[in-house]
Amino acid sequence: MKRIFAYLLTISILLLALAGCQAAPPKEEGSSLPAESTSSTDDTVSLPAESSEAPTPSEEAHPLPDESNEETTGEPAPAISLHSMDDLQKMRDMCASAEEDELERYLCSIEGGGATSRKDLETFLEAVDSLPLLSLIEGDISWISYHNFYPELTPERNSVIYITVQKAPDEWVRTGYFIGVQDVDAELKRRTDRGDFEASALKEPFYSKDGRVAVYTEAANDAFSSVTWIMTVDGILAETVYHTESPEDLRAETVFKDPVIGSLQEN
């Protein structure tokens, strides 16, 4: 008797539950979703407003070449960048005699995020002063930049120092000195194997009269009105980009036949 009563009670509960479900109104078509479900892959993402400041001529004119042996992290490598010989002289003065509070303010003003101490300035100056500076055109130095200033932070990138000499808005020469490359022969082979030199107009290396410059590749870029050479200067792997209105007249055997090589310390 107890079993029959329990059975009937269970059936009654099920019938009541079923009736409750049927009584609930169906969701109307087009009704809004809960807040947590409103996002989708089609949502519009607001982008930050573009800067209204136009880039300086030197910034426009100096796209950086591939400077890494592996995939980069996507984050900019620390750098120290200056834009004139006056900037370089100011750094020399600040490094030599500035009081600590004045030095701190100066360090914050340096572009690139790589200058954090007086020692950083000393390292930068020692590095740029030691470079064999190619002087291919007469003009003003408009860019001195030591990229990947802390290579231990981004070991997948080479440290490279760029020097740009600008003669006119449409004529400039930029040389990148890959000071982080220790085995130049291995790096040249890596680039060759990667196919970087397939478009080279040089069939064999060209050497300057004094032997200080060895040019391995020459590649014209008609769209950019420039010619790019990969070379060594006093054994340092370097890349020179010459931008001009008439790049078709530029050849390694004339540009590097008897080049003038000096230093920033002399300027």
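**Figure 1. Overview of the predicted model.** Seven helices and ten strands make up the secondary structure of the protein chain in this predicted model. The chain has 267 residues, 39% of which count as buried. Carbon and sulfur atoms account for 53% of an accessible surface of about 16,700 Å². Of the contacts between residues at least 6 apart in sequence, 61% link residues at least 24 apart.

**Figure 2. Helix α3, residues 85-97**. The helix holds 13 residues, and at 1.5 Å a residue its expected span is 18 Å. The C-alpha atoms at its two ends lie 18 Å apart, so the model agrees with the expected value.

**Figure 3. Start of helix α3.** The side chain of Ser84 places an oxygen within 3.3 Å of the backbone nitrogen of Asp86. Asp86 itself is exposed.

**Figure 4. Buried and exposed residues of α3.** Leu88, Met91, Met94 and Cys95 are the buried positions shown in this helix. Viewed down the helix axis, the buried residues of α3 fall within an arc of 125 degrees and therefore line one face. Because an α-helix has 3.6 residues a turn, residues three or four places apart point the same way. Asp86, Ala96 and Ser97 lie on the other side of α3 and are exposed.

**Figure 5. Packing partners of the buried residues of α3**. Two helices, α4 (100-109) and α5 (118-129), pack against these buried residues. The strands β1 (79-82) and β3 (140-147) also pack against them. The α3 residues to view here include Leu88 and Met91, both buried.

Definitions and conventions
Residues numbered from 1 in each chain as written. Predicted model: local features only at pLDDT ≥ 70, side-chain atom pairs only at ≥ 80, totals over all residues. Heavy atoms only, no water. Helix = DSSP H or I, 4+ residues; strand = E, 2+ residues; numbered from the N terminus. Buried < 20%, exposed > 50% of the residue type's maximum accessible area, 1.4 Å probe, protein only. Contact = heavy atoms within 4.5 Å. Areas by Shrake-Rupley, 256 points an atom, 1.4 Å probe, with all protein chains shown as cover. Expected span 1.5 Å × (residues − 1). Arc of directions from axis to C-beta. Polar contact = N/O pair within 3.5 Å; in protein donor to acceptor, adjacent residues only side chain to side chain.
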